[in-house]
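Work through the exercises below with the model open beside you. Try each task before reading its solution.

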Amino acid sequence: MIWNEKIECASRDEMTAIQSERLAATVKRVYHNIPYYRKKMQEAHLTPADIKSIDDLHKLPFTTKTDLRDSYPFGSFTVPMSEIVRVHASSGTTGRPTVVGYTRNDINMWSENVTRALCMAGVHQTDIVQVAYGYGLFTGGLGIHYGTENLGATVIPISGGNTKKQIQLMQDFGSSVICCTPSYALYIAEVMKEMGIEPETLKMRIGIFGAEPWSESMRKEIEEKLKIKAIDIYGLSEIVGPGVSCECEHQVGMHINEDHFLPEIINPETLEPMAPGEIGELVFSTITKEGIPLLRYRTRDLTRLIYDKCACGRTLVRMEKCKGRSDDMLIIRGVNVFPSQIESVLLEMSETEPHYMLIVDRADNLDTLTVQVEVQEQFFSDDIRSLQNLTKKIKSNIESTLGVSVIVQLVEPKSIQRSEGKAQRVIDRRKI
Ligand code: DLL
């Protein structure tokens with residue numbers, strides 16, 4: 001089912017007209033109401049009259065996470081506090097959290113977008129949706145919750161953690177959809193196995209996974225272990241939360257709700273727009289948001305945009321599965337390394353588990369990258385030679401993909417910490 005066919009299947013000309021009108025209105029509003037944007041636009045010698053259509057988007061200044069952090073906690077809200085009905089915050093690994101505020105219209109707009117996303121994923125009103133994203137300041141839980149209610153499906157607001165109970169409710173309540181991070185989905189699969197429960201005996205048919213990067217190989221692993229269709233959902237708190245984009249049943253990129261979130265791809269170094277189809281940093285301008293409208297917000301996520309019509313009938317532009325973040329990229333002895341590349345190698349090997357940790361350090365001015373990976377129970381033997389051979393095989397597979405040497409450490413099954421939310425997979429001990 002397509003939730004909002006008129007918009008989701010609009011022609012490119014119709015969509016451009018909607019976007020242009022909304023962009024011009026947003027620019028006018030922020031210029032007249034937000035000193036911060038007025039100053040930035042004046043510095044660029046721009047007035048609202050210069051932004052008539054999306055073709056003028058590139059003239060506008062960028063906004064970054066630092067801009068939002070600098071106005072902590074509520075300095076970037078553009079309406080009086082009496083109009084803000086909810087706040088969320090993203091924890092962030094460094095510095096202060098980023099706080100976001102929503103008006104009632106923002107919450108309704110967000111729910112509409114999550115409902116569209118759920119329909120893209122193949123969820124129906126008759127489904128029972130177990131929301132195992134964290135409820136609280138994180139946008140995952142409440143974001144999916146409101147969208148599910150808006151669709152008219154049944155929501156189980158269990159939040160993250162309590163894994164045995166998650167599985168028990170799947171059995172007792174007959175949940176047909178699970179929403180959580182992909183790393184938590186793998187953990188649920190592991191506990192299910194320990195409990196002796198066959199996934200085929202459950203009603204579960206769809207998983208809606210996001211909030212962290214995950215590879216195609218990880219998708220395969222989850223689909224096989226949980227016997228479900230694994231759908232990728234994307235979003236970020238600064239823009240709205242989950243539901244900025246989502247895959248449809250064809251699993252060929254995530255449809256962006258571009259009548260609300262106007263996407264661009266830029267070169268993260270030169271900041272110039274990239275040619276259509278090229279990989280670069282994703283940038284969003286919100287064109288309907290009231291609480292915190294954002295112009296050209298740099299997400300740091302790396303992907304490309306696909307404008308071809310999708311087999312599902314939607315014309316909404318698609319973004320490819322995220323390749324990683326520009327700030328997650330590790331530079332090891334001058335070579336750019338993305339954790340997702342290592343993940344793909346490990347997941348394609350039958351001897352290893354999809355649980356790993358990357359430790360970066362510096363010895364004698366030289367970077368070292370240690371890959372700790374769990375070995376499958378049946379391959380974890382006391383036979384030193386076979387473990388040595390396995391270590392060598394993993395090392396050579398990773399090195400031929402990355403072009404940089406690594407140290408591989410095999411660790412016992414279940415020894416790497418499992419995550420109930422976003423997985424932490426990199427420890428950078430370098431003091432640079
Ligand atoms: O993670 C919102 C969300 C909740 C999305 C639930 C999907 C599901 P933040 O905590 O602000 O918001 O983190 C946003 O997480 O810039 C990406 O780097 C990453 N991210 C989110 N979804 C995906 C995804 C939520 N599907 C940051 N694939 C974003 C890869 C993702 N990375």
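The exercises that follow concern a predicted model.

**Exercise 1. The ligand shell**

Task: Find which residues are closest to the ligand, and which strand gives the largest share of the shell around it.

Solution.
- Step 1. Collect the shell. It holds 21 residues, and the closest are Asp232, Ile233, Ser237, Asp301 and Lys422.
- Step 2. Sort by character. Nine residues of the shell are nonpolar, six are polar and six are charged.
- Step 3. Assign elements. Helix 6 (139-151) and strand 7 (229-236) each supply at least two shell residues. Strand 7 gives the largest share, five residues.

**Exercise 2. Polar atoms around the ligand**

Task: State how far a polar side-chain atom of Ser237 lies from an oxygen atom of the ligand. Then look at the nitrogen atoms of the ligand and the cover.

Solution.
- Step 1. Take the oxygen side. A polar side-chain atom of Ser237 lies 2.4 Å from a ligand oxygen atom.
- Step 2. Take the nitrogen side. An N or O atom in the side chain of Asp232 is 2.7 Å from a ligand nitrogen atom. A polar backbone atom of Ala211 is 3.0 Å from a nitrogen atom of the ligand.
- Step 3. Check the cover. On its own, the ligand has 610 Å² of accessible area, and the protein covers 94% of this.

**Exercise 3. Two nonpolar cores**

Task: Identify which helix contributes the largest share of the largest nonpolar core. Then find another core and place Ile178.

Solution.
- Step 1. Start with the largest core. It has 70 residues, and Leu23, Leu60, Val123, Ile208 and Tyr234 have the most contacts inside it.
- Step 2. Name the main contributor. Helix 5 (residues 104-121) supplies nine residues, the largest share of this core.
- Step 3. Move to the other core. It lies apart and has 26 residues, among them Ile178, Ala185, Ala189 and Ile197.
- Step 4. Place Ile178. Ile178 sits in strand 5 (residues 177-180). Its relative accessibility is 2%, so it counts as buried.
- Step 5. List its partners. Beyond four places in sequence, Ile178 touches residues including Gln130, Met170, Ile188, Met204, Ile208 and Phe209. The C-alpha atoms of Ile178 and Ile208 are 6.3 Å apart, with their positions 30 residues apart in sequence.

**Exercise 4. A buried loop residue**

Task: Decide whether Leu57 is buried or exposed. Trace its contacts.

Solution.
- Step 1. Locate Leu57. It is in the loop between helix 3 (35-43) and helix 4 (65-70).
- Step 2. Apply the cut-off. Buried means under 20% relative accessible area. Leu57 has 5% relative accessibility, so it counts as buried.
- Step 3. Find what it touches. Leaving aside neighbours within four places in sequence, Leu57 contacts Leu23, Leu262, Glu264, Ser285 and Arg296. Glu264 is 207 residues away along the chain, yet the two C-alpha atoms are separated by 9.2 Å.
- Step 4. Turn to Leu23. With the same neighbours set aside, its contacts include Ile51, Ile54, Leu57, Leu60, Ile287 and Leu295.

**Exercise 5. A histidine in a strand**

Task: Which side chain makes a polar contact with the side chain of His88?

Solution.
- Step 1. Place His88. It lies in strand 1. It counts as buried because its relative accessibility is 0%.
- Step 2. Take the side-chain partner. The side chain of Arg86 makes a polar contact with that of His88 at 3.0 Å.
- Step 3. Add a backbone partner. The backbone oxygen of Gly136 is 3.2 Å from a polar atom of the His88 side chain.
- Step 4. Survey the surroundings. Further along the sequence, His88 touches residues including Val99, Tyr102, Trp110, Phe138 and Leu142.

**Exercise 6. Backbone geometry in loops**

Task: Determine what kind of peptide bond joins Tyr72 and Pro73. Then examine phi at Leu271 and Asn365.

Solution.
- Step 1. Read omega. It is about -5°, and the bond between Tyr72 and Pro73 is cis. Pro73 lies in the loop between helix 4 and strand 1 (84-90).
- Step 2. Check Leu271. It is not a glycine, but its phi is positive, about 65°. Leu271 is in the loop between strand 10 (261-266) and strand 11 (280-286). At 30% relative accessibility, it counts as partly exposed.
- Step 3. Check Asn365. Its phi is also positive, about 65°, although it is not a glycine. Asn365 lies in the loop between strand 18 (352-363) and strand 19 (366-375). Its relative accessible area is 69%, so it is exposed.

Key:
Residues numbered from 1 in each chain as written. Predicted model: local features only at pLDDT ≥ 70, side-chain atom pairs only at ≥ 80, totals over all residues. Heavy atoms only, no water. Core = buried A, V, L, I, M, F, W, Y, C linked by side-chain atoms within 4.5 Å. Buried < 20%, exposed > 50% of the residue type's maximum accessible area, 1.4 Å probe, protein only. Helix = DSSP H or I, 4+ residues; strand = E, 2+ residues; numbered from the N terminus. Contact = heavy atoms within 4.5 Å. Near = heavy atom within 4 Å. Polar contact = N/O pair within 3.5 Å; in protein donor to acceptor, adjacent residues only side chain to side chain. Areas by Shrake-Rupley, 256 points an atom, 1.4 Å probe, with all protein chains shown as cover. Nonpolar A, V, L, I, M, F, W, Y, C, P; charged D, E, K, R; others polar.
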